[in-house]
Amino acid sequence: MEGELYKGEDYKTEFQPQNYLKTYYAFDSGTIAENEVLKFNLNNLFETFSPGGMGGDILIDIGSGPTIYQLLSACEVFREIIMSDYTELNLREVDKWLKKEPGAYDWSPAVQYVCELEGDRSKWQEKEARVRRTVKRLLTCDVNQPRPLGSAQVPAADCVLSLLALECACRDVDAYQAAIQNLVGLLKPGGHLVTLVALRCCEYMVGSRKFFVLSLEQETVEKALQEAGCQVLKCQYSPNKYSEAFCLNEGFCFVVARKGPGA
């Protein structure tokens, strides 16, 4: 329906992974605005997961969508990565890339960018192979449930990663705070939660379909993490904005928090 705002269960039938990828992740040919947002994200992920910094056994990516860019630095410092999403369509899109199937999205421009950050752009094929080796499982998730990964048997994680996902999944601030608590529950004591949030956004476009986004302030994000028993270690703001595909987007914040002993 024209003008309808999709949310929740609608993602299972109305979200089109290929349209989403072409709009927001066409790194070699996309709009300047979308490219700058992706660079901000990749730069922060590179800094966060640089060797000698954060790492460990298990990283759980919550709300992966149809993307793998968020793992390009993390794959170097974690033994195992578990990806998850609310929709089977997104997981199928990721699986196509992992298995090098025909029609899989071409992530090589973003991979080359990260390899350049690491010092050798020519190693991008090795990087792709490492991501494919490190991703061990694809699971469904629902951040609004106390057990976001359902009945799946998953060890406590050293890191939970969730980028541009919670604000699309939560109907209000109370639900957002509960979702943060649910993700913290997946962590070991002392584990880290890494998240990217679109600030003051109300909706976004995927093809001709408009999807709901919860409008959040940076202070709301930090407060939710603190109330969940985390110490905020980094909250990097960027004034970069998506183009007209996002409504009233007023920048982003990239946040790293550590779970406290009593959380």
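## Exercises on a predicted chain

The chain holds nine helices and eleven strands, where helices (H or I, at least four residues) and strands (E, at least two) are DSSP runs numbered from the N terminus. The model is predicted, so that local features need pLDDT of at least 70 and side-chain atom pairs count only at pLDDT 80 or more, while totals for chains, interfaces and linings use all residues. Residues are numbered from 1 along each chain as its sequence is written, and side-chain values use heavy atoms, with hydrogens and water left out.

**Exercise 1.** Determine how the radius of gyration of the chain stands against the globule rule.

*Solution.* Begin with the rule, which is 2.2 Å times the number of residues to the power 0.38, the radius itself being taken over C-alpha atoms. For 263 residues the rule gives 18 Å, and the chain has 17 Å, which is close to that value, so the chain is as compact as a globular protein of that length. Then turn to the box along the principal axes, which the C-alpha atoms fill at roughly 50 × 45 × 35 Å.

**Exercise 2.** Describe the setting of S122, beginning with the loop in which S122 is found.

*Solution.* First, S122 lies in the loop between α5 (108–118) and α6 (124–134). Next, its relative accessible area of 56% makes S122 exposed, a term that requires over 50% with a 1.4 Å probe and protein chains only. Finally, the side chains of S122 and D120 are joined by a polar contact of 2.5 Å (a pair of N or O atoms within 3.5 Å; within protein, one must be able to donate a hydrogen and the other to accept it, and residues adjacent in sequence count only if both atoms are side-chain atoms).

Terms used: Buried < 20%, exposed > 50% of the residue type's maximum accessible area, 1.4 Å probe, protein only.
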